[in-house]
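User: Hi! I'm new to reading structures, and I'd like to learn how labels get attached to what is seen. Could we go through some together?

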Amino acid sequence: MQPYVANISKLASLTRRFLLWFLGLTLGPFVRVEGGERLIRYRDEAAIYVLNHNNSYEVLPMYVFLARHRGLSRMVHFMVDWMFTRAPLVGGLIRLSEPIPVFTKPAKWNMWESWRRAHRHLKPLGSCLKLLAQGRSVGIFPEGTRNPSIDTLKVPRRGLGPLVLRSSALVIPIGLEFPARHRLGRMPSLGRLVIRVGKPVDVSPERDAYAKILQRQDSETRRQRQFEEEQAVTHKVMLHLAPLCSKTYPHSQFASEESDSPGEIMKRPLIETLPVTTDEQRQQAIEVIRAVYKDEKSWIETTENEVTLPGETSRGAGLAGPAEGEGGGTVVWLLTTYNGDPAGVLRVSYDPPMEIPAHMGVELEESIDVEALKKSGRFAELGRFMILPKYRRKIRVAMSLMKGCMKDMVERGYSHALTVVFQDDPHSPLNFHTRVLGFQRIGTHRFGELNTDSLRIILMLDLYSAYANLKHRNNKVFGEICRGLERQLEALAQTFRLV
């Protein structure tokens, strides 16, 4: 299968030369290129150019100055949404750049849908690899869409990793930055642009490891290892890209200890969830609890005995939530930080008592059999799920807490989670838990350890069922919460005869 590349006639080639000359002359005063000598040095070698994407305008000067430094005979083929290539007037100009269309999205204009279906067998990854094998160069925006954030890169899509690992081409990051964004407090639509060309990223260790993985006989293990290696090389490239565009990368924790400048620049992860094991972490967790449960909601009177460290005595937990004075199993507190500042807290109580305290007024759904529940797996109770107000709109903070919780549970061999949410709480995670994660409502109760008259809704989560559901949908939630835990979840399911 030949890659899809537009056929450029002699007239079109002359038109392209004129447009590049004219645009270079027009845009020159507004564009500064740093590291342009690298474009000249490596222009005769096949390369994968990796760029961030702020807005629509930057693509034009970026392409013009990339062509000017590399030479018109060494065009870079960028992956683009196929609909842009069919747009009136603009589509004709885009086709002059010989792009690689991506045919994933259905047509917005019905008359083009049959054309898309006739070409959707042309996979962009295959087209890129064949162009690279021919000694040509390709460009990719791994964020996949425009990113108006002035300080943070988006989580990249999956195409970058396979493209890098299945080729032998150079990998060159290019950062695009609008210096005015901090002064304006937003990403400008137009303005002065800085184009920074970085050094080629050394991905030879990952390519060597990937080649060995492809030789493995166990297909299931091979697929998992392939994905892990693709993720690792993606994070490595993005870490090199981040300082070039003066943004932070939210997955900087994936940097290897041997990495050079990116590891030094990105001192700590943007969002990180860890068990509370030190007095400093305990004070950060108490700070969150005081702000949310005490000051904002008035659900507790004191935070004195709220957070325990490993080995300290903790209150147990029951089917309807933590019960005063009852002994339970291990209790783990998880703390999520945002750029080092405390952002959220979650308590995980393992092996909670499954008896129902009479004084709590518990009413279970008719289909729930407590004795059958006890035999269905190992249980943990999730409580004190809270996020500071300024981070509640940042969904990745909540997902980081849930990922940390799931990881801890799976590594300990627990298969089910119980939690309680409040019906009248305006910040209740009920919809997130039930619609996104797959929690099942199993009952209610009126009384508990917190000072609120709100009806408490008891929810239960079967970890493997949630994993299978999220994997089937293959959305961002799956990527944030489940990826990297697949083998443990499959083993857990086998243990409790869930599959």
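User: What makes Asp279 and Arg282 a salt bridge?

Analyst: Good place to start, and keep in mind that this is a predicted model. The closest N and O atoms of Asp279 and Arg282 are 3.1 Å apart. The cut-off for a salt bridge is 4 Å, so the pair qualifies. Asp279 and Arg282 are three residues apart in helix 13, so about one helical turn separates them.

User: Why is Arg282 called buried?

Analyst: Arg282 has a relative accessible area of 16%. Buried means under 20%, so the label fits Arg282.

User: What makes Glu296 and Arg392 a salt bridge, and where do the two residues lie?

Analyst: The closest N and O atoms of Glu296 and Arg392 are 2.7 Å apart, within the 4 Å limit. This pair links distant parts of the chain: Glu296 is in helix 13, while Arg392 is in the loop between strand 14 and helix 15, 96 residues apart. Glu296 has a relative accessible area of 33% and Arg392 has 27%. Partly exposed covers values between 20% and 50%, so both residues get that label.

User: How many salt bridges are there, and which residues form a network?

Analyst: A search of the whole structure finds 13 salt bridges. Arg32, Glu34, Glu177, Arg181 and Arg196 are linked in a network. One of the links joins Glu34 to Arg32, with the closest N and O atoms 2.9 Å apart. Glu34 is partly exposed at 28% relative accessible area, and Arg32 is partly exposed at 45%.

User: How do you know that Arg38 has no salt bridge?

Analyst: The nearest side chain of opposite charge, Glu37, is 4.8 Å away from Arg38. A salt bridge needs a distance within 4 Å, so Arg38 has none, although Arg38 is buried. Arg38 sits in helix 2. Leaving aside residues up to four places away in sequence, Arg38 touches Val197, Gly198 and Lys199.

User: Why is Asn305 called exposed?

Analyst: The relative accessible area of Asn305 is 63%. Exposed means over 50%, so Asn305 earns the label. You'll find Asn305 in the loop between helix 13 and strand 9.

User: What makes the phi of Ser246 and of Asp351 worth pointing out?

Analyst: Ser246 has a phi near 60°, a positive value in a residue other than glycine. Asp351 also has a positive phi, about 55°, although Asp351 is not a glycine. Ser246 lies in the loop between helix 11 and helix 12, and Asp351 in the loop between strand 12 and strand 13. Ser246 is partly exposed at 32% relative accessible area, and Asp351 is partly exposed at 42%.

User: Which classes of residue line the largest cavity?

Analyst: The lining has 12 nonpolar, no polar and no charged residues. Among the lining residues, Met402, Met406, Leu461, Leu463 and Ile481 lie nearest the centre. Helix 15 gives the largest share, four residues. The largest cavity has a volume of about 100 Å³.

User: What is the lining of the second largest pocket made of?

Analyst: By class, that lining has 21 nonpolar, eight polar and nine charged residues. Strand 14 gives the most, with seven residues. The residues nearest the centre of this pocket are Phe385, Met386, His427, Ser428 and Pro429. About 650 Å³ of space lies in the second largest pocket.

Note on methods
Residues numbered from 1 in each chain as written. Predicted model: local features only at pLDDT ≥ 70, side-chain atom pairs only at ≥ 80, totals over all residues. Heavy atoms only, no water. 1 Å grid on protein atoms, 1.4 Å probe; cavity = no way out; pocket = protein on both sides within 12 Å on 5 of 7 lines; lining within 4 Å. Points joined across faces, edges and corners; volume = space filled by probe spheres on them. Nonpolar A, V, L, I, M, F, W, Y, C, P; charged D, E, K, R; others polar. Buried < 20%, exposed > 50% of the residue type's maximum accessible area, 1.4 Å probe, protein only. Lys, Arg positive; Asp, Glu negative; His and termini not counted. Contact = heavy atoms within 4.5 Å.
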